[in-house]
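Here is a walk through a protein structure for someone meeting it for the first time. Have the 3D view open and follow along.

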Amino acid sequence: MQLKKGQIIELTISDLAFGGAGIGKIKLEGGENFVVFVEGVAPGDKVEAELFKIKRNYAEAKLIKIITPSNKRTTPRCKHFGVCGGCSLQFLPYEEQIKWKEKM
């Protein structure tokens, strides 16, 4: 698969990076896995995302839609979630947030 800016891809999110971006991987033409970071997703989400930055070792993509939500996903408690930026993992239950924050 050849990657281009603006390309729409499907990913299954497997992990979270430092800062809370989701990590998904896609197969390239040579068969190797290529890392793609997506903000606002949870491990286990299957998403559709648009590539906006492509580097040699990774890419960044903007979330378009969640195709299949993770069973760990929950409704954020704060009505300002996503606007103020103070609580980036509220789409996960509190216990999961703590687990990921400890891992980071």
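The paragraphs below go from confidence to strands, then to cores, side-chain pairs and the helix.

Before anything else, keep in mind that this is a predicted model. The protein has a mean pLDDT of 86, with 92% of its residues reaching 70 or more. Confidence isn't even along the chain, though: strand 4 has the highest mean, at 97, while helix 1 has the lowest, at 76.

Let's start with the strands. Find strand 5, residues 58–68, and look at strand 3, residues 33–38: the two run parallel and are joined by 4 bridges. If you'd like one spot to zoom in on, Val36 has Ala59 in strand 5 as its bridge partner. Now turn to strand 4, residues 46–54, which pairs with strand 5 over 8 bridges in the antiparallel sense. Here a handy spot is Leu51, whose bridge partner in strand 5 is Ala61. Strands 4 and 5 also make a hairpin, and 3 residues sit between them. So strand 5 pairs with strand 3 in parallel fashion and with strand 4 in antiparallel fashion. As you look along a strand, it helps to know that side chains in a regular strand alternate between the two faces of the sheet.

Next, the nonpolar cores. In soluble globular proteins, nonpolar side chains tend to be buried together. What does that look like here? The largest nonpolar core has 15 residues, and the ones with the most contacts inside it are Leu11, Ile26, Phe34, Val36, Val38 and Leu51. Strand 1, strand 3, strand 4 and strand 5 are the elements giving two or more residues to this core. Another core lies apart from it, made of 6 residues that include Ala42, Leu89, Phe91 and Leu92. You've already met two members of the bigger set: Val36, with its bridge partner Ala59, and Leu51, with its bridge partner Ala61.

Which aromatic rings pair up? A search of the whole structure turns up 1 aromatic pair. Phe37 and Tyr58 have ring centres 5.7 Å apart and planes at 70°, so this pair is edge-to-face. Since Phe37 lies in strand 3 and Tyr58 in strand 5, the pair ties together parts that are 21 residues apart in sequence. Both rings belong to partly exposed residues: Phe37 has a relative accessible area of 24%, and Tyr58 has one of 28%.

Charged side chains come next, and the count of salt bridges is 3. One of them brings Glu10 and Lys46 together at 3.7 Å, N to O. Glu10 is in strand 1, residues 8–16, and Lys46 is in strand 4, so this contact ties together parts 36 residues apart in sequence. Glu10 is partly exposed at 47% relative accessible area, and Lys46 is partly exposed too, at 33%.

Another salt bridge joins Arg73 and Asp45, at 2.5 Å from N to O. This pair links distant parts of the chain: Arg73 is in the loop between strand 5 and helix 1, Asp45 is in the loop between strand 3 and strand 4, and they are 28 residues apart. Are the two partners buried or exposed? Asp45 is buried, with a relative accessible area of 0%, whereas Arg73 counts as partly exposed at 24%.

There's also a salt bridge between Glu60 and Lys53, whose closest N and O atoms are 3.7 Å apart. Glu60 is partly exposed, with a relative accessible area of 22%, and Lys53 is partly exposed at 32%.

Finally, swing round to helix 1, which spans 94–103. Which of its residues are buried? Glu96, Gln97 and Trp100 are. Looking down the helix axis, the buried residues fall within an arc of 105°, so they line one face of the helix. That pattern is easier to picture once you know that an α-helix has 3.6 residues a turn, so residues three or four places apart point the same way. On the other side of helix 1, Tyr94, Glu95 and Glu102 are exposed. Glu95 has a relative accessibility of 59%, so it counts as exposed. To get a feel for distances, try Glu95 and Val47: they are 48 residues apart along the chain, and their C-alpha atoms are separated by 23 Å.

Key
Residues numbered from 1 in each chain as written. Predicted model: local features only at pLDDT ≥ 70, side-chain atom pairs only at ≥ 80, totals over all residues. Heavy atoms only, no water. Pairing = 2+ DSSP bridges. Phe/Tyr/Trp six-rings, centres within 6.5 Å; stacked < 30°, edge-to-face > 60°. Buried < 20%, exposed > 50% of the residue type's maximum accessible area, 1.4 Å probe, protein only. Salt bridge = Lys/Arg side-chain N within 4 Å of Asp/Glu carboxyl O. pLDDT = per-residue confidence, 0-100. Core = buried A, V, L, I, M, F, W, Y, C linked by side-chain atoms within 4.5 Å. Arc of directions from axis to C-beta.
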